[in-house]
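Reader: Please walk me through this model, one question at a time. Keep the answers short.

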Amino acid sequence: MAQQLLGKQLVRQLPGGLRISGEIAETEAYLGLEDPACHSFSGKITPRTSTLYLPAGHSYVYFVYGMHHCFNVVCGDQSQPEAVLIRALRITEGWEQILASRGHEPLSPRQRETVASGPAKLCRALSIDLSLNRLDLTTSEQIFIEEPRGAEALPKPGLGPLGFMALPRVGIDYAGDAALWPLRFVLA
DNA sequence: ATGACGATTTACT
DNA sequence: GTAAATCGTCATA
């Protein structure tokens, strides 16, 4: 699932139909009960992790470090509390909305490239917070996933036949060896 | 009610 | 490379 989400469009629709969207460029898989890095590891159920037991295709948004949000797509069913963390987006639509949410402070070209490079940064860019937790991504008007259009739909050169790289996961040192599992997937 | 921590980001040395 | 920011979440009491 984490691999297949690469290249798809994550779409945020704000009140009034205003859209912010971007190409999913980096994902990370969390393998549920048997993954020490997964919030649902060993079957732990709390108010927060209960979201992971929703049917596949729901959103899992959580709050970390006192200031950041992270967005996941729930995978698996009740017995498979798994998720894919979306780690980076290349913004393709909605710059006016992004700029507006930042008080119309100008962004350099470099800042535009990296405005959604990171799980928390992408949530800030798309105005994703806990109010978007537990939503059905197949029916929600607020947040959903689309097939890529235009240039985004073309195959990516230079990364071999699969079109992505697999790398160790980030920010989960407490999980020991599991951090080294190649479950982080990066597009060109 | 309390305390420790976090699937991060940023700024600064 | 180190550190601070900052609060929801959860285990403990």
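Reader: Is A166 buried, partly exposed or exposed, and why?
Author: A166 sits in strand β7, residues 164–167; strands here are DSSP runs (E, at least two residues) and helices are runs of H or I of at least four, numbered from the N terminus. Buried means under 20% relative accessible area, exposed means over 50%, and partly exposed lies in between (1.4 Å probe, protein chains only). The relative accessibility of A166 is 42%, so A166 counts as partly exposed.

Reader: Before going on, what kind of model is this?
Author: Local features need pLDDT of at least 70, side-chain atom pairs count only at pLDDT 80 or more, and totals for chains, interfaces and linings use all residues, since the model is predicted. Residues are numbered from 1 along each chain as its sequence is written, chains are lettered from A and ligands numbered from 1 in the order in which they are written, and side-chain values use heavy atoms, with hydrogens and water left out.

Reader: How far apart are the C-alpha atoms of A166 and Q3?
Author: Along the chain, A166 and Q3 are 163 residues apart. Their C-alpha separation in space is 9.1 Å.

Reader: Is S140 buried or exposed, and which backbone nitrogen does its side chain meet?
Author: S140 lies in the loop between α4 and β6 (143–146). Its relative accessible area is 14%, so S140 is buried. A polar contact is a pair of N or O atoms within 3.5 Å; within protein, one must be able to donate a hydrogen and the other to accept it, and residues adjacent in sequence count only if both atoms are side-chain atoms. At 3.3 Å from a polar side-chain atom of S140 lies the backbone nitrogen of I143.

Reader: Which element gives the most to the largest nonpolar core?
Author: A nonpolar core is a set of buried Ala, Val, Leu, Ile, Met, Phe, Trp, Tyr and Cys residues joined through side-chain atoms within 4.5 Å. The largest one has 36 residues, and those with the most contacts inside it include F71, I86 and I143. Elements supplying at least two residues of this core include α1 (2–5), α2 (95–101) and β8 (184–187). With five residues, the top contributor to this core is β5.

Reader: Which residues come nearest to DNA strand B?
Author: A residue is near a strand if one of its heavy atoms lies within 4 Å of it. Among the elements that each supply at least two residues of this surface are β3 (59–64) and β4 (68–75). There are 21 residues around DNA strand B, and the nearest are H39, Y62, H68, N72 and Y174.

Reader: What does H68 contact on DNA strand B, and at what distance?
Author: For comparison, a side-chain N or O atom of R87 is 3.4 Å from a phosphate oxygen of DNA strand B. A polar backbone atom of P119 is 3.1 Å from a phosphate oxygen of that strand. A polar side-chain atom of H68 meets a base oxygen at 2.7 Å.

Reader: Which backbone contacts a base oxygen of DNA strand C?
Author: The residues around DNA strand C include K44, R48, Y65 and G66. Sugar and phosphate account for 64% of the strand C atoms within 4 Å of the protein. A backbone N or O atom of R48 lies 3.5 Å from a phosphate oxygen. The base oxygen lies 2.4 Å from a backbone N or O atom of Y65.
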